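This briefing takes up the disulfides of one protein chain and then turns to a sheet with the helices that pack on it. Please look through the sequence and the structure below before reading on.

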Amino acid sequence: MANKFNSGDNRTRSSVSIFIVAGLCCFFYLLGAWQRSGFGKGDSIALEMTKSGENCNILPNLNFETHHGGEAGIIDDPDSKVTALKPCHTRYTDYTPCQDQGRAMTFPRENMIYRERHCPPQAEKLHCLIPAPEGYVTPFRWPKSRDYVPYTNAPYKSLTVEKAIQNWIQYEGNVFRFPGGGTQFPQGADKYIDQLASVIPIANGTVRTALDTGCGVASWGAYLWKRNVIAMSFAPRDSHEAQVQFALERGVPAVIGVLGSIKVPYPSRAFDMAHCSRCLIPWGINDGLYMKEVDRVLRPGGYWVLSGPPINWKINYKAWQRPMEELQEEQRKIEEAAKLLCWEKKSEKGEIAIWQKTLDSVACRAKQESSGATFCKSDDTDDVWYKQMEQCITPNDNDNTVDLKPFPERLYAVPPRIASGSVPGVSVEAFMEDSRQWKKHVNAYRKINQIIDSGRYRNIMDMNAGLGGFAAALHSPKFWVMNVVPTIAEKNTLGVVYERGLIGIYHDWCEAFSTYPRTYDLIHASGVFSLYKDKCDFEDILLEMDRILRPEGAVIFRDEVDVLVKVRKIIGGMKWDSKMMDHEDGPLVPVKILVAVKQYWVGNSTSPQ
């Protein structure tokens, strides 16, 4: 009897189990059907990310009790509530905290100080989510994005009127079209670049990195891309509303910036070429102060291009409607400064002049000393964050850029600064090992997110770039990476990044980045929050990441588990979906990976302040 009773009881329990399993299957089937229906524009990308990571050890509910018992309580703490961050008012749709127009007008106009970075104090920072404009859509993929930008993403028509005859930008239906023109190249950037290439060796890989000062909508940089040259473009946020925003919507590297009183946030000897196309920068003033700053960031052997006034003023002064004497004096000052800096004029044709910085640093130094030139005394010529420009010449002592390989060979070769021991604590062996590690990490990312190489992501940022290993391992003509070296990083490695043929910038993540909202498709944050653990509030950094990330954009965090637990709690209230997973080397490694996708949502008139 006992056996019969137990047998019946088992059959009952089995029936109940089958019923429960069948019910769960139905539930998840319906859930999957709902997700696939596209309800909510953010769900499609989130689903694609989830599907692409099915075989990559994504663990929805990590339990670290076995290996990290001290942190398990934090994950499972029922009192650990998520704070939902509210949307900002729609008037903040294009908010740039450190280049706010209202705040800028309270600073002096001399030397463009009012156009420089002026960040809000902690008490005035916004603690809300910057909304996308109503009707916002994902930008076109490159290369179509070079020529077309959806009107709803940056609805500013002023440039279409102001620059109409110069072929900058045209409004056509629901898009802006960029014909590739500019103030100095109304016939198109391609023909203009062909003129430069007749003097500058653009085609052979020796010129890879370029700086475009006062870039407009960055058409010069946009058309250099197909020639395997990457330009760092900058322009101020001024009356030419949204010029940098247009550049980034087009998929062209750009930041908000200006040549003013502060040094530009790039290392010395970084660029193969610098360019100004009627950029309205007064090069001759203050004994060539701005030319000396360009000289600092220009490599020996690098080129400086100046097109527009005052070049060839004898022929062009009437067209420019400026006094002949004024233009003559302006060019005289530029020529004097160039001579002092040992720049040799290679060409002057039409309205374009091209100089080349000397490779012979020793002979140049002797010549400068005999002329009584003042040399900068700083031991670290790359210490530039919020540092005043100085009326001095940056020495090129111990320069090794003559050993720089052409691109793309230089991407994987040992950079001269490392080969010469100029980066303390980074040996050749350490560099090679770093490269191997990042190839492994990036391969893991490709398994997690199988659309990473598809062209879906064009503008990518690495918030803590180190030696540029992430960008080098990910390298593709479909996208570019803004390599950020934090100003508080233990090692100053941005010069190495540039020697690999990549671009980047110095930045302090306790402040807002010099860009418009919604300008990056993918953000990589490796060790960022461990680095800033005791420096500033995690929420402030994450809100800034949300500001610059496009709707449906992705973030890859790589950090210590206890740090990521805190990060994940905050992003739980930010309209982001996230998944935590183990390090690619297994669960015993205390570093984990957190992948997040920003949901699609837009602002409306009822959004709170």
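Is Cys-98 buried or exposed? With a relative accessible area of 1%, Cys-98 lies under the 20% cut-off and is therefore buried. The model is a predicted one, and it holds six disulfides. The points below describe three of these links together with the overall pairing of the cysteines, and then the arrangement of an open sheet of seven strands.

**Overall disulfide pattern**

- When the bonded cysteines of the chain are numbered in sequence order, the pairing reads 1-4, 2-3, 5-6, 7-8, 9-10, 11-12.
- As general background, a disulfide is a covalent bond between the sulfur atoms of two cysteines.

**Links between the H3-H4 and H4-H5 loops**

- Cys-98 and Cys-119 form a disulfide in which the sulfur atoms are 2.0 Å apart.
- This pair links distant parts of the chain, 21 residues apart, with Cys-98 in the loop between H3 and H4 and Cys-119 in the loop between H4 and H5.
- The torsion about the S-S bond of Cys-98 and Cys-119 is about 110 degrees, so this disulfide is right-handed.
- Whereas Cys-98 is buried, Cys-119 has a relative accessibility of 22% and therefore counts as partly exposed, given that this class runs between 20% and 50%.
- A disulfide also joins Cys-88 to Cys-128, with an S to S distance of 2.0 Å.
- Cys-88 sits in the loop between helix H3 (69-76) and helix H4 (101-104), while Cys-128 sits in the loop between H4 and helix H5 (144-147), so that the pair links distant parts of the chain, 40 residues apart.
- The link of Cys-88 and Cys-128 is right-handed, with 100 degrees about the S-S bond, and both Cys-88 and Cys-128 are buried.

**The link between Cys-342 and Cys-364**

- Cys-342 is joined to Cys-364 by a disulfide with an S to S distance of 2.1 Å, and this link is right-handed, with 95 degrees about the S-S bond.
- The pair links distant parts of the chain, 22 residues apart, with Cys-342 in the loop between helix H12 (324-340) and strand E10 (343-349) and Cys-364 in helix H13 (residues 361-370).
- Cys-342 has a relative accessible area of 11% and is buried, and Cys-364, at 9% relative accessibility, counts as buried too.

**The open sheet**

- Seven strands form an open sheet with mixed pairing, in the order E7-E6-E5-E8-E9-E11-E10.
- Strand E7 (254-256) and E10 stand at the edges and have a single partner strand each, so one side of each is left without a neighbour in the sheet.
- On average, and with direction ignored, neighbouring strands of this sheet are turned by 20 degrees against each other.
- Strand E5 (residues 209-213) and strand E8 (residues 271-277) run parallel and are joined by three bridges, and within this pair Ala-210 has Met-273 in E8 as its bridge partner.

**Helices packed on the sheet**

- Helix H10 (residues 285-297) packs on the sheet and touches E5, E8, strand E9 (298-307), E10 and strand E11 (352-357), with its direction making about 140 degrees with that of E9.
- H12 packs on the sheet as well, touching E9, E10 and E11, and the direction of H12 makes about 140 degrees with that of E10.

How values were computed
Residues numbered from 1 in each chain as written. Predicted model: local features only at pLDDT ≥ 70, side-chain atom pairs only at ≥ 80, totals over all residues. Heavy atoms only, no water. Disulfide = S-S within 2.5 Å. Helix = DSSP H or I, 4+ residues; strand = E, 2+ residues; numbered from the N terminus. Buried < 20%, exposed > 50% of the residue type's maximum accessible area, 1.4 Å probe, protein only. Pairing = 2+ DSSP bridges. Axes fitted to C-alpha atoms, helices over the stretch in contact; angles between N-to-C directions. Contact = heavy atoms within 4.5 Å.
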